[in-house]
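Reader: Hey, got a minute to walk me through this one? I'd like to know what I'm looking at before I set anything up.

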Amino acid sequence: KDGESWNPRSEGKSKFNGFTIRNFDAEDAGVYVGSIFLNKKGEHFKCTVKVKITLIEGTLELSIKNAKSLARPQTAGRPIKIKCGLKTVNLDLEDPDNENNVNWYRNTEDGDMLLENNDTYETIRSRGDYVLNIRNPTSDNSGTYRCEFDQQNVSASTEVAIEVR
């Protein structure tokens, strides 16, 4: 790699057919050159291949898809769904349908509170969105809620304020 020689025989390999980079990270990006030497009936042949491996940064966009309807005061007792849309570029989520790909937080006077499924809150994955369902909201549920993604060295968040009357 990058002009540095490696001989597979130095690692006990008498035959070498290709290579795989596992657990790729930024240091593995570079130019790899491989040469194959053949000896067929006394004739020597050499084949060289050059491979350039580039790290492509992953990005994502988060948005509250129903922010417009949540800007109006919400009715107490009527379930509220906050829909977080996630659009990825060059990110491969292990399980795209897992509702735990994002975390939901509520801003409080004591700091951000991670929301988990309970009698008040439910997190689900529905029609491509990550949804926070506030089951039986009261005025105490008024406040700012945040959807956050933090995986594969990529993080983003978006938030919305709701008022319950």
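Author: Sure. One cut-off to start with: a residue is called buried under 20% relative accessible area, exposed over 50%, and partly exposed in between. Also, this is a predicted model.

Reader: Ok, so is Cys47 buried, exposed or partly exposed?

Author: Cys47 has a relative accessible area of 47%, so by that cut-off it is partly exposed.

Reader: And which cysteines form a disulfide?

Author: Cys84 and Cys147 do, with their sulfur atoms 2.1 Å apart. A search of the whole structure turns up one disulfide.

Reader: What parts does that pair tie together?

Author: Cys84 is in strand β4 (residues 80–89) and Cys147 is in strand β9 (residues 143–151), so the link joins parts that are 63 residues apart in sequence.

Reader: Left-handed or right-handed, that disulfide?

Author: Left-handed, because the torsion about the S-S bond is about -80°.

Reader: Is Cys84 buried or exposed? And Cys147, buried or exposed?

Author: Cys84 counts as buried, at 0% relative accessibility. Cys147 is buried as well, with its value also at 0%.

Reader: Let's zoom out. What's the secondary structure of the chain?

Author: One helix and 10 strands. Reading from the N terminus, the order is β-β-β-α-β-β-β-β-β-β-β.

Reader: How much of the chain is buried?

Author: Buried residues are 25% of the 165 in the chain. On the surface side, the chain exposes about 12,000 Å², and carbon and sulfur atoms supply 44% of that.

Reader: What about contacts, how many join residues at least 24 apart?

Author: 57%, counting contacts in the chain between residues at least 6 apart in sequence.

Reader: New topic, rings. Which charges lie over the face of a Tyr?

Author: Arg125 sits over the face of Tyr130, 4.2 Å from the ring centre. Then there's Arg146 over the face of Tyr105, at 4.5 Å from the ring centre.

Reader: And how many aromatic pairs does the structure hold?

Author: One aromatic pair.

Reader: Last thing, Thr123. Where is its place, and is Thr123 buried or exposed?

Author: Thr123 belongs to strand β7 (residues 121–126). Its relative accessible area is 12%, under the 20% cut-off, so Thr123 is buried.

Reader: What does Thr123 touch?

Author: Leaving out residues up to four places away in sequence, Thr123 touches Glu99, Trp104, Asn117, Val131 and Leu132.

Key
Residues are numbered from 1 along each chain as its sequence is written. This is a predicted model: local features need pLDDT of at least 70, side-chain atom pairs count only at pLDDT 80 or more; totals for chains, interfaces and linings use all residues. Side-chain values use heavy atoms; hydrogens and water are left out. Helices (H or I, at least four residues) and strands (E, at least two) are DSSP runs, numbered from the N terminus. Buried means under 20% relative accessible area, exposed over 50%, partly exposed in between (1.4 Å probe, protein chains only). Contact means heavy atoms within 4.5 Å. Accessible areas come from the Shrake-Rupley method with a 1.4 Å probe; for residues, only the protein chains shown count as cover. Rings of Phe, Tyr and Trp (its six-membered ring) pair if their centres lie within 6.5 Å; planes under 30 degrees apart count as stacked, over 60 as edge-to-face and the rest as tilted. A charge sits over a ring if NZ of Lys or CZ of Arg is within 6 Å of the ring centre and within 35 degrees of the ring normal. A disulfide is a pair of cysteine sulfur atoms within 2.5 Å.
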